[in-house]
Amino acid sequence: MKISHNIGIYCLLSGLIAATPPHKALSQTSVDYRGEIWLNAGSGDFAPYGIMSNRYGVTTQPSSIMVRGALKHEWDTTARWSWTAGADIIAQASSATDYARYQQSSKSWTERGLRPSAAHIQQLFAGIRYRSVFAIVGLKEYPSAILNDSLSSGDFTRGINARPMPGLSFGLWRFVDIPFTRGALQISGEIFYGRPTDSRWLEDHYNYYSSFINTNWWYNYKRLYFRTKPSLPVSVTFGMQAACQLGYNIRHYFGGNFGYSLVDHVNLWETIEMLLPSTGEGYWRGNHLGSWDLMARWQMPSGHQLKAYFQWPWEDGSGIGRRNGWDGIWGIEYVAASPRSIISGAVIEYLDFTNQSGPTHWAPHDRPGTTITDEATGSDSYYNNANYNGYTYFGMGLGTPFLPGTIYNRDGYMCYVDTRVRGFHMAAKGWLASNFDYRVMLSYRQGWGDYYAPRAHKVHDFSWMLEAAWHVSNVPGLKVSAIAAMDHGDMIGNNIGGAISLTYTGSFTLGNHGK
């Protein structure tokens with residue numbers, strides 16, 4: 001990402017800080033800071049799944065060294081008006097991974113070693129809030145709204161696997177009571193408009209031989225959740241998430257030769273259509289996907305919590321109407337009463353994406369003159385679309401990484417290879433001593449390819465990760481972490497590696513004057 005893309009965001013960030021009223025904010029503005037040195041090394045084409053996934057796209061290569069620095073001011077939750085701002089910069093050097101590319105001039109294939117950029121802006125944002133209504137502009141890491149990001153395999157619709165995308169987010173920053181329900185029912189929601197900046201990455205990694213590449217689209221995410229009274233022993237959260245890719249500049253290649261291009265520019269009205277989809281040429285405009293989400297929480301008298309949740313994915317009306325069988329993420333989470341317990345949290349998940357509303361998609365609109373008027377709305381091909389690259393950003397899945405993203409496609413294919421995946425995921429974390437914590441993960445999955453391009457033989461992957469951290473007592477804020485991880489199988493390859501990091505966090509106050 002070029003720094004010039006973020007000049008406007010930087011100006012807004014500076015303006016918000018400068019405009020803070022001195023009689024209150026200058027005397028109370030607390031700024032959190034974080035510095036990190038990271039080193040990982042191993043063998044394989046990529047970092048192991050446990051190191052690579054669900055870290056906002058920071059680490060992908062088998063070997064790398066990274067220096068990271070961040071500043072952040074959080075919301076003042078006690079004030080009606082509040083602001084937030086942050087910056088997070090990463091510099092790194094890493095090993096390369098070979099990707100295949102077809103050279104039309106020589107009619108031959110070559111291997112190109114590709115690696116992440118030496119430096120990029122991970123976060124740069126500013127936001128304002130009045131009561132429970134917020135707006136944030138810029139690059140920001142957004143957590144899952146319903147799942148435990150430190151333990152779960154990842155949110156289906158918007159997870160923490162890919163790098164932040166520049167854009168505008170607005171909505172309700174927390175659950176609020178719905179009027180006239182006396183707190184029995186609460187509501188929360190968010191809308192995000194984003195513009196991907198990974199066109200160069202796509203052009204570097206595409207094979208220029210077959211299929212297509214799309215380098216000009218917009219992104220929209222929206223969420224609406226309801227929650228019953230959280231102070232009761234049992235509460236339920238339910239609602240829907242939806243995402244949309246709209247607009248494109250598609251280039252199709254056939255056997256190494258350029259075929260044709262399609263261009264669809266997005267105007268102001270079409271950004272509204274991203275919220276309320278409309279039909280165009282027989283189909284919904286853009287690529288739409290999302291999930292029905294539900295979580296039930298039981299607060300035990302002892303203070304422990306049990307949560308049961310599921311996310312039902314959808315790609316079209318058949319998924320929204322629950323015609324895709326048991327597809328989804330099914331999980332149980334345990335939360336200990338004390339956050340410093342030996343097991344402070346644990347998750348078990350079963351994931352199934354194999355039904356996809358059946359193996360066949362048939363639309364009479366696609367076959368003018370056909371006498372077959374019935375429709376078959378199967379072969380949902382999660383995260384794929386006929387006009388869009390896979391649902392990824394810089395090759396990393398925008399949803400759960402349990403479906404391997406396009407970064408793993410070393411043949412330069414820009415869509416998901418394995419969408420029909422089934423498996424399980426387990427994770428736990430806790431404290432073994434007052435200054436020593438751990439996290440462990442275990443995943444297994446099988447893949448059958450995609451209904452449009454099924455594999456001849458089933459593939460699989462077994463991955464594990466063990467992470468331990470020592471919080472140095474004599475130096476508050478200093479943490480030393482170590483990670484070991486491994487992948488085994490023919491889905492994402494055999495990768496093994498480890499990482500060590502040194503992190504220092506703290507805070508300071510801006511301004512020593514004012515009332």
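A surface patch here is made of residues with over 30% relative accessible area and no salt bridge, nonpolar side chains being joined within 5 Å. The model is predicted.

**Exercise 1.** Find which residues form a nonpolar patch on the surface, and place Val67 in the structure.

Solution.
- Step 1. The patch consists of Ile37, Val67, Ile342, Ile343, Leu432, Phe436, Trp470, Val480 and Leu502.
- Step 2. Together these residues have about 810 Å² of accessible area.
- Step 3. Val67 belongs to strand E2, residues 64-73.
- Step 4. The relative accessible area of Val67 is 47%, so Val67 counts as partly exposed.

**Exercise 2.** Determine how many disulfides the structure holds, and examine Cys244 and Cys415.

Solution.
- Step 1. A disulfide requires two cysteine sulfur atoms within 2.5 Å.
- Step 2. The structure has zero disulfides.
- Step 3. For Cys244, the nearest cysteine sulfur is that of Cys415, 16 Å away, and Cys244 is in no disulfide.
- Step 4. Cys415 is likewise in no disulfide, its nearest cysteine sulfur being that of Cys244.
- Step 5. Buried means under 20% relative accessible area. Cys244, at 0%, is therefore buried, and Cys415, at 4%, is buried.

**Exercise 3.** Describe how strand E20 pairs with E19 and with E21.

Solution.
- Step 1. Strand E19 (residues 305-314) pairs with E20 (residues 328-335) in the antiparallel sense, over seven bridges.
- Step 2. Within E20, Ile329 is the bridge partner of Gln311.
- Step 3. E20 also pairs with strand E21 (residues 345-352) in the antiparallel sense, over eight bridges.
- Step 4. Within E21, Ala346 is the bridge partner of Tyr334.

Note on methods
Residues are numbered from 1 along each chain as its sequence is written. This is a predicted model: local features need pLDDT of at least 70, side-chain atom pairs count only at pLDDT 80 or more; totals for chains, interfaces and linings use all residues. Side-chain values use heavy atoms; hydrogens and water are left out. Buried means under 20% relative accessible area, exposed over 50%, partly exposed in between (1.4 Å probe, protein chains only). Two strands pair if DSSP finds at least two bridges between them. Helices (H or I, at least four residues) and strands (E, at least two) are DSSP runs, numbered from the N terminus. Patches are made of residues with over 30% relative accessible area and no salt bridge: like charges are joined within 9 Å, nonpolar side chains (Val, Leu, Ile, Met, Phe, Trp, Tyr) within 5 Å. Accessible areas come from the Shrake-Rupley method with a 1.4 Å probe; for residues, only the protein chains shown count as cover. A salt bridge is a side-chain nitrogen of Lys or Arg within 4 Å of a carboxyl oxygen of Asp or Glu.
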